[in-house]
Amino acid sequence: MIRLFVGLGNPGPEYEDTRHNAGFWWIDALARGLKVTPQLDTKYFGLVARVNDAPGAAGPIWLLQPMTYMNLSGKSVAALARFFKIAPEEILAIHDELEIAPGELKLKQGGGNAGHNGLKDMQAQLGSANFWRLRLGIGHPGHKGEVAGYVLRKPPLAERQAVEDSIAKSFEAFKLMTAGDMAKAVALLHAKPPRPKPPRPAHLPPKPGVPPTGASAAATPATSTPPVPDPVPPTSGA
């Protein structure tokens with residue numbers, strides 16, 4: 001089960017609406033839904049909220065926004081995880097992802113850091129890369145040299161809304177994550193919507209049992225049902 005939800009970002013109003021703070025946006029939305037307000041706790045170098053009655057959870061969970069700046073995120077995460085004896089497998093890091101389009105998301109466990117400084121420091125401080133990651137797509141600027149400026153800029157309104165929509169979608173799996181059913185959480189979040197069936201070509205006859213409609217109905221001759229004779233009354237024995 002996930003016991004620690006960590007949103008990665010940078011503190012301060014100048015970074016609040018930048019792409020690199022998508023993880024903070026996620027924690028903000030979850031905190032509103034759970035009706036809690038993360039508070040600064042200097043022991044853990046971040047804003048922290050403890051939730052004792054989260055849906056699906058067998059015990060308390062923690063929400064964390066490190067206030068250490070992105071490249072020292074692990075300092076905050078490791079301090080809280082060590083104190084409450086939270087294993088890497090019980091941690092979910094929510095972060096921005098360049099290789100996914102805005103509005104899309106991926107849930108996975110372990111793996112590399114793809115140059116993301118927050119993930120890199122978490123791995124170093126925890127001594128493990130086996131924590132879970134919820135990757136919120138922000139898109140790529142198209143050139144590697146533009147990445148640093150791109151992630152620290154505010155996205156256009158349509159892109160911001162797409163990220164917010166993906167955040168809302170991810171909460172469909174929240175109860176599965178707190179209950180520890182990560183396989184179902186992955187399947188739910190990665191499921192593709194069903195493709196609509198194409199309309200049946202007009203020149204084909206209707207399927208058996210399906211009444212014709214429109215012009216085909218007019219062209220189909222009506223069949224008459226033979227009348228059912230009245231029952232013959234029994235003859236009298238007299």
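These legends accompany close-up views of a predicted model.

**View 1. Helix H1 packs against helix H5.**
H1 covers residues 22-34, and H5 covers residues 157-170. Their axes lie 10 Å apart, at an angle of about 50°. The two helices are therefore oblique to each other. H1 passes H5 in a right-handed crossing. On the H1 side, the contact is made by Ala-22, Trp-25, Trp-26 and Ala-29. On the H5 side, Arg-160, Val-163, Glu-164, Ile-167 and Ser-170 take part. By class, six of these residues are nonpolar, one is polar and two are charged.

**View 2. The largest nonpolar core has 29 residues.**
Five members touch the most other members: Phe-5, Trp-26, Leu-92, Leu-107 and Leu-134. H1 gives the most to this core, with seven residues. Trp-26 also belongs to the contact of H1 with H5. Apart from this core lies another, of 20 residues. Among its members are Leu-8, Val-77, Leu-80 and Ile-86.

**View 3. The surroundings of Leu-134.**
Which residues are in contact with Leu-134, leaving aside its neighbours within four places in sequence? They include Trp-26, Leu-92 and Leu-107, which are also named among the core members that touch the most others. Ala-93, Ile-94 and His-95 are in contact with Leu-134 too. So are Leu-105, Lys-106, Ser-170 and Leu-189. Of these, Ser-170 also takes part in the contact of H5 with H1.

**View 4. Helix H2 crosses helix H3.**
H2 spans residues 73-83, and H3 spans residues 117-126. Their axes come within 7 Å and cross at roughly 40°. H2 and H3 are therefore oblique to each other. H2 passes H3 in a right-handed crossing. From H2, the contact uses Ser-73, Gly-74, Lys-75, Val-77, Ala-78, Ala-81 and Arg-82. From H3, it uses Gly-118, Asp-121, Met-122, Gln-125 and Leu-126. This contact has five nonpolar, four polar and three charged residues.

**View 5. Helix H2 is largely enclosed by the rest of the structure.**
Eight of its 11 residues are buried. They are Ser-73, Gly-74, Ser-76, Val-77, Ala-78, Ala-79, Leu-80 and Ala-81. What do the buried residues of H2 pack against? Their partners are strands S1 (4-7), S3 (46-51), S4 and S5 (91-97), together with H3. Two of the buried residues, Val-77 and Leu-80, are also listed in the core of 20 residues. Lys-85 follows H2, and its phi is positive, near 55°.

**View 6. Lys-35 has a positive phi.**
Its phi is near 60°, in a residue other than glycine. Where does Lys-35 lie? Lys-35 is in the loop between H1 and strand S2 (39-41). Is Lys-35 buried or exposed? Lys-35 is exposed, with a relative accessible area of 74%.

**View 7. Tyr-69 also has a positive phi.**
Here phi is near 75°, again in a residue other than glycine. Tyr-69 lies in the loop between strand S4 (61-66) and H2. Tyr-69 is partly exposed, with a relative accessible area of 41%. The two ends of its loop meet elements seen in View 5: S4 is one of the elements that the buried residues of H2 pack against.

Key:
Residues numbered from 1 in each chain as written. Predicted model: local features only at pLDDT ≥ 70, side-chain atom pairs only at ≥ 80, totals over all residues. Heavy atoms only, no water. Helix = DSSP H or I, 4+ residues; strand = E, 2+ residues; numbered from the N terminus. Buried < 20%, exposed > 50% of the residue type's maximum accessible area, 1.4 Å probe, protein only. Axes fitted to C-alpha atoms, helices over the stretch in contact; angles between N-to-C directions. Parallel < 35°, antiparallel > 145°, perpendicular 65-115°, else oblique. Left-handed = near helix turned anticlockwise from the far one by under 90°. Contact = heavy atoms within 4.5 Å. Nonpolar A, V, L, I, M, F, W, Y, C, P; charged D, E, K, R; others polar. Core = buried A, V, L, I, M, F, W, Y, C linked by side-chain atoms within 4.5 Å.
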